[in-house]
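Take a walk through this structure, one piece at a time. Keep the sequence at hand as you go.

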Amino acid sequence: MNYQECIHYLEEEVGFGSVPGLERIKCLCERLGNPQQKLSVIHIAGTNGKGSAVAMLSSILKEAGYRVGTYTSPHLEKYNERFLINGKEISDEDFTREITLMKNICEELAAEGKAVPTLFEIVTGVAFHYFAEQKVDVLILEVGLGGRYDATNIVAEPLLSLIMSISIDHTDFLGDSIEKIAAEKAGIIKKNCPVVLYSQDEIVYNMVKDAADRMDAPFYCLNDAEIDVASQTLEGSVFSVKNKSMSLEKVELPLLGSYQISNCVTVLEACRVLKKRGLQLSEEAVRRGLKNAHWAGRMEICRKEPLVILDGAHNEDGIHQLAKSLSVYFRDKKVTLILGVLGDKEYHKMAEHILPHADSVILTEPHSERKLDVFTLARSISNHNGTIYTEKEIEDAYEKALSLTPAEGIILCCGSLYMIGAMRTYITNRSR
C-alpha cells in the first residue's frame with residue numbers, strides 16, 4: 001500500500017467506531033511481540049487537559065536529554081501528528097510500513113475467525129510497535145476515550161498514571177454521571193504505580209484516591225498549592241507556585257488559556273514524582289521545557305489583524321474554560337465566533353457559555369458523520385441576542401468571518417476538533 005491507500009484502508013475498510021474491551025488490542029500486540037512491554041510509559045487520562053499535559057511533559061523530557069515518543073488522538077490535519085519523537089512526526093514511509101503490517105495481521109485474524117481490531121486499536125498498535133522499534137526512552141501515551149477499556153490501557157506498569165481534569169463527556173460510552181466517568185478514568189491506575197491527579201472536586205478526588213488505595217498506588221494531588229499569577233498576555237503566562245513539596249518562582253508558559261496554569265501545576269507535580277522514579281529532570285530543564293511547549297489547536301493564534309484563534313474546546317467544561325479565558329485576554333474586543341459542534345455533545349450548554357462573549361456568530365458543520373447540522377444548531381440558540389449566520393462549509397464560514405470582523409477584532413473558532421483541523425488546513429493554505 002501507499003500512504004493514501006493506508007488512509008483509505010483505515011477510514012473506508014476498517015471505518016470509524018468504538019467497541020469496548022481490550023481483547024482485540026491484546027491479540028494484535030501479541031502478534032507484534034508485545035512491544036508495549038518494552039516501553040517506559042507515562043499514561044495520561046482525563047476529560048480535558050490531556051493534550052496540554054502531553055505537550056508540556058514531552059518538551060520538558062526533551063530538554064532533559066531524553067528521546068521522547070508521544071502518542072495522541074485525534075489528529076487535526078494528518079494521522080502522522082499522532083506519532084511524534086521529540087516533536088517530529090512519523091514519516092509517510094514509516095506510517096505506510098506500519099499500517100501495512102497491521103493490515104496483514106488483521107487479515108490473518110479475520111481468516112482465523114477472530115475479532116478484527118478497530119481503527120483506534122490499529123493505530124494504537126502502530127504506536128507501540130513504532131516507538132519500541134525507535135527505542136524511545138519514554139513514551140507519553142494519551143488515552144483515547146475513558147481509560148479502563150481504552151486500547152492504551154494494556155500497559156501493565158507505567159512510570160506514572162496522570163489523570164487530568166474530569167468532567168461530563170462521552171456519556172454514551174462512559175456513563176451519565178461524574179462518578180461513573182471518574183471510575184472509567186481511574187481505570188488506568190495500576191498496582192504499585194504512582195498516580196498524579198489534577199486538583200478536582202471532592203467527589204472526583206475521593207473516587208480516584210480510593211481507586212489508588214485499592215491498587216496500593218502512591219497518590220499525589222496538589223490541592224494545597226498556592227498560585228500567584230504575575231501576568232497573562234498573548235505572549236503567555238508568568239506565575240509562581242508553592243506548597244509543602246515545591247516552590248517555583250516566575251514560571252514562564254507560552255500556552256494560552258487561564259486553565260493552562262492549573263494544567264501546568266499538575267505537570268510540575270508529575271515531574272516531581274518522575275524524579276522519584278529515577279528520571280533526571282533539573283529545574284532548568286523543567287523551566288526550559290515549559291517555555292518551549294506548544295500545542296496546536298488550543299487557543300492557537302493563526303493570524304493577526306484580525307486575530308484568528310483556533311481552540312479545540314469540544315465539550316461543556318472545555319467551552320466554559322475557554323469563555324473564562326476570553327474574559328482575561330479579550331475583554332473589550334469585538335469577537336466573531338465560528339461554532340461547529342457534534343450532535344452527541346451537550347451543545348445547548350456549550351452555547352450558553354460561549355455565546356455571551358460573541359458579537360456575531362457563524363454556525364458551520366465539522367467534517368464528521370457525527371456533525372450537528374447548522375439548522376438544528378441555529379434553532380437551539382434562536383434566543384441569542386446577537387446576529388447569527390449559517391455557512392455549512394467551513395471555508396465559507398471563515399470568509400464570512402473575515403468580512404464581518406475589523407482588523408482590531410477577534411475571530412474565534414471552536415466547538416469540534418474536526419472543525420478546527422479543517423479550518424487550520426484552510427487558513428494555512430490560504431495564507432500561502
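Strand 2, residues 68-71, runs parallel to strand 5, residues 138-142. The two are joined by 4 bridges. Pick out T70: its bridge partner in strand 5 is I140. The model is a predicted one, and the pairing of these two strands is part of a wider sheet.

How many strands form that open sheet, and in what order? There are 8, and they follow the order 4-3-2-5-1-6-7-8. The pairing is mixed. At the edges stand strand 4 (88-89) and strand 8 (219-221). Each has a single partner strand, so one side of each is left without a neighbour in the sheet. In general, strands of a sheet pair through backbone hydrogen bonds, either parallel or antiparallel.

Now look for what lies across the strands. Helix 8, residues 202-214, lies across strand 6 (160-163), strand 7 (195-197) and strand 8. Its direction makes about 155° with strand 8.

Turn to a pair of helices. Helix 2 covers residues 23-31, and helix 5 covers residues 119-133. They pack at an angle of about 40°, and their axes are 10 Å apart. The crossing of helix 2 and helix 5 is right-handed. Which residues of the two helices make the contact? Helix 2 brings R24, I25, L28 and C29, while helix 5 brings E121, I122, T124, G125 and F128. By class, this contact has 5 nonpolar, 2 polar and 2 charged residues.

Follow the chain into the loop between helix 5 and strand 5, and you find K135. Its phi is near 55°, a positive value in a residue other than glycine. Most residues other than glycine have a negative phi, and most peptide bonds are trans.

Two peptide bonds are worth finding next. The bond from S73 to P74 is cis, with omega near -10°. P74 sits in the loop between strand 2 and strand 3 (83-85). The bond from E305 to P306 is also cis, with omega near -5°. P306 is in the loop between strand 12 (300-303) and strand 13 (307-310).

There is another open sheet to visit. It has 3 strands in the order 9-10-11, and the pairing is antiparallel. Strand 9 (226-233) and strand 11 (247-253) stand at its edges. Each of them has a single partner strand, so one side of each is left without a neighbour in the sheet. The twist averages 10° from one strand to the next.

Within this sheet, strand 9 pairs with strand 10 (residues 236-242) over 7 bridges. The two form a hairpin with 2 residues between them. S231 has V238 of strand 10 as its bridge partner. Q232 is partnered by S237, also in strand 10. Helix 9, residues 259-276, packs on the sheet and touches strand 9, strand 10 and strand 11. Its direction makes about 45° with that of strand 10.

End with some empty space. The second largest pocket holds about 570 Å³. Its lining has 28 residues, and L84, G87, H294, W295 and A296 lie nearest the centre. Helix 3 (50-63) and strand 2 are the elements that give two or more residues to this lining. Which element gives the largest share? Helix 3 does, with 6 residues. By class, the lining of the second largest pocket divides into 9 nonpolar, 10 polar and 9 charged residues.

Technical notes. Residues numbered from 1 in each chain as written. Predicted model: local features only at pLDDT ≥ 70, side-chain atom pairs only at ≥ 80, totals over all residues. Heavy atoms only, no water. Pairing = 2+ DSSP bridges. Contact = heavy atoms within 4.5 Å. Axes fitted to C-alpha atoms, helices over the stretch in contact; angles between N-to-C directions. Left-handed = near helix turned anticlockwise from the far one by under 90°. Nonpolar A, V, L, I, M, F, W, Y, C, P; charged D, E, K, R; others polar. 1 Å grid on protein atoms, 1.4 Å probe; cavity = no way out; pocket = protein on both sides within 12 Å on 5 of 7 lines; lining within 4 Å. Points joined across faces, edges and corners; volume = space filled by probe spheres on them.
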